[in-house]
Amino acid sequence: MGAPKLPPRLRAFLFPRWTPLYALRVVAVAVLSLLFFTFVLRPLVVSGASMEPTFRDGSFHLLWRPAYLFSAPRRGDVVAVRLAGERVVLLKRVVALAGEEVAFRGGRLYVNGLPLEEPYVKGPCDWELPPRRVEEGHLYVVGDNRSMPMERHDFGQVSRRRILGAVLW
Amino acid sequence: MNLRKIGAALLILLCAWALWEAFPTRKRQVQRTLRALCKAAEKEGPEGNLAAAAAARKVSSFFAPECRLEAEGYRFQAVVDREEVARYAFAARERAARLSLRLHDVVVDFGPEGEAKVTATARLDGEGEGGDSFREVHEVRCLLRKGDEGWKIEEVSLVDVLRR
């Protein structure tokens with residue numbers, strides 16, 4: 001039994017003739033894709049539970065690198081924090097900006113003495129943290145999972161220069 | 001192209017690879033040392049005290065006779081010898097059923113006196129004896145110096161990226 005015959009146009013689209021021009025197009029698409037998915041829209045795989053339930057362990061997301069080229073991060077944004085490089089980053093939510101005062105009382109987050117409405121926090125929380133002011137050029141970031149012990153959760157103020165971009169989806 | 005030409009090309013590639021492996025650059029020597037350290041730190045399953053002690057001693061052999069450890073976030077600073085490094089490594093192996101250390105984004109720079117300054121993201125994954133898993137991710141800076149025994153770690157510091 002022979003292979004089914006494809007219409008010529010579909011066949012030309014699926015199996016084009018390998019010409020120098022076609023090879024150049026393939027290389028150009030590959031290079032552009034590599035640049036785009038490195039410097040513009042970076043794929044991320046979540047590893048860990050500190051952003052649950054918003055971002056589940058093992059879930060796939062995209063990081064929008066140009067997010068803060070012309071604007072500053074805002075409260076509520078989920079951002080990627082660079083460590084030594086960009087292969088392993090921390091995903092955290094911005095809860096306070098430079099100059100603001102942050103504290104945890106009875107598991108509730110207070111910014112400038114007022115409780116912050118945080119619909120993304122689902123589980124119970126018993127964190128206690130005395131008030132502290134966010135330094136200039138820094139942001140205060142915390143994960144959404146406040147049910148884990150405070151000692152095991154990485155959060156705090158981070159230099160604005162370490163913010164790589166915003167999580168798009 | 002006949003078989004003889006293909007064979008010659010393969011032979012040239014093989015020689016180039018052998019030379020590459022036999023005469024690594026300083027940077028590759030440092031990277032190789034760090035990879036070997038990660039491998040030595042790994043624990044894949046249950047082990048006896050003797051095996052744990054041997055593994056801990058192997059880990060300590062990557063460090064200089066005196067090494068400075070610093071973790072600003074934990075307010076920890078100490079100058080330790082290899083025995084102490086081995087004791088820390090043994091204690092960690094004793095408490096964990098499984099351990100894995102990985103270094104990502106490794107950047108090696110060389111100072112004026114030939115010392116290697118390394119910046120990397122260290123990721124320690126493990127499982128406690130009770131089955132509870134844990135993960136620590138930190139930016140680390142290390143200083144290595146080459147001596148008679150090869151590259152040895154003289155300083156390790158954890159960078160405080162998030163300050164409470």
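Q: Which element of chain A has the lowest mean pLDDT, and which the highest?
A: This is a predicted model, so confidence is a good place to start. Chain A averages a pLDDT of 93, and 98% of the residues score at least 70. Among the elements of chain A, the bottom mean of 85 belongs to helix α1 (residues 8-14), while the top mean of 97 goes to strand β9 (residues 138-142). Lowest and highest, then: α1 and β9 of chain A.

Q: How many helices and strands does the secondary structure of chain A come to?
A: Reading from the N terminus, chain A runs α-α-β-β-β-β-β-β-β-β-β-β-β. Counting up that secondary structure gives two helices and 11 strands.

Q: What radius of gyration does chain A have, against that of a compact globule of 169 residues?
A: The C-alpha atoms of chain A fill a box of roughly 75 × 40 × 25 Å along the principal axes. Buried residues make up 25% of the 169 residues in the chain. A compact globule of 169 residues would come out near 15 Å, but chain A has 23 Å.

Q: And what radius of gyration does chain B have?
A: For chain B the box along the principal axes is roughly 65 × 40 × 35 Å, and 18% of its 164 residues count as buried. A compact globule of 164 residues would sit near 15 Å, but chain B has 19 Å.

Q: In chain B, what share of the contacts between residues at least 6 apart in sequence joins residues at least 24 apart?
A: Chain B has four helices and six strands, following the pattern α-α-α-β-β-α-β-β-β-β. In chain A, residues 24 or more positions apart account for 51% of the contacts with a separation of 6 or more. For chain B, the corresponding share is 54%.

Q: Which strands of the open four-stranded sheet in chain A stand at the edges?
A: The strand order is β7-β6-β5-β8 (chain A), with antiparallel pairing. Each edge strand has a single partner, so one side of it is left without a neighbour in the sheet. The edge strands are β7 (114-115) and β8 (129-133) of chain A.

Q: Which residue is the bridge partner of V102(A) in β8(A)?
A: Strand β5 (residues 101-105) of chain A runs antiparallel to β8(A), and three bridges join them. In β8(A), the partner of V102(A) is R132(A).

Q: Which residue of β6(A) does V102(A) stand opposite?
A: β5(A) also pairs with strand β6 (residues 108-111) of chain A, antiparallel and over four bridges. The hairpin they form has two residues between the strands, and G106(A) takes a positive phi near 60 degrees there. Opposite V102(A) in β6(A) stands V111(A).

Q: Which residue takes a positive phi in the hairpin of β1(B) and β2(B)?
A: Strand β1 (residues 63-71) of chain B pairs with β2(B) in the antiparallel sense over six bridges, with L69(B) opposite A78(B). The hairpin has four residues between the strands, and the positive phi, near 50 degrees, is taken by R75(B).

Q: How many of the six residues of strand β2 of chain B are buried?
A: To be buried, a residue needs 20 or more other C-beta atoms within 10 Å of its own. Strand β2 (residues 76-81) of chain B lies largely in the open, because its number of buried residues is zero.

Q: Does R57(B) count as buried, partly exposed or exposed, and why?
A: R57(B) has its place in helix α3 (residues 49-60) of chain B. The residue has 16 C-beta neighbours inside 10 Å. Because of that count, R57(B) is partly exposed.

Q: Which element contributes the largest share of the side of chain A that touches chain B?
A: The contact takes 16 residues from chain A and 14 residues from chain B. On the chain A side, these divide into eight nonpolar, four polar and four charged. The largest share, three residues, comes from strand β10 (residues 156-159) of chain A.

Q: Which residues touch the most other members of the largest nonpolar core?
A: In soluble globular proteins, nonpolar side chains tend to be buried together. Here the largest nonpolar core has 51 residues, and its largest share, six residues, comes from strand β4 (residues 89-96) of chain A. One of the best-connected members, V59(B), touches residues including L37(B), A40(B) and V85(B). The full set with the most contacts is L91(A), V95(A), V141(A), V59(B) and V118(B).

Definitions and conventions
Residues numbered from 1 in each chain as written. Chains lettered and ligands numbered in written order. Predicted model: local features only at pLDDT ≥ 70, side-chain atom pairs only at ≥ 80, totals over all residues. Rg over C-alpha atoms; globule rule 2.2 N^0.38 Å. Buried ≥ 20, exposed ≤ 12 C-beta atoms within 10 Å, placed from the backbone. Contact = placed C-beta atoms within 7 Å. Pairing = 2+ DSSP bridges. Nonpolar A, V, L, I, M, F, W, Y, C, P; charged D, E, K, R; others polar. pLDDT = per-residue confidence, 0-100. Core = buried A, V, L, I, M, F, W, Y, C linked by C-beta atoms within 7 Å. Lists of a residue's contacts leave out its neighbours within four places in sequence.
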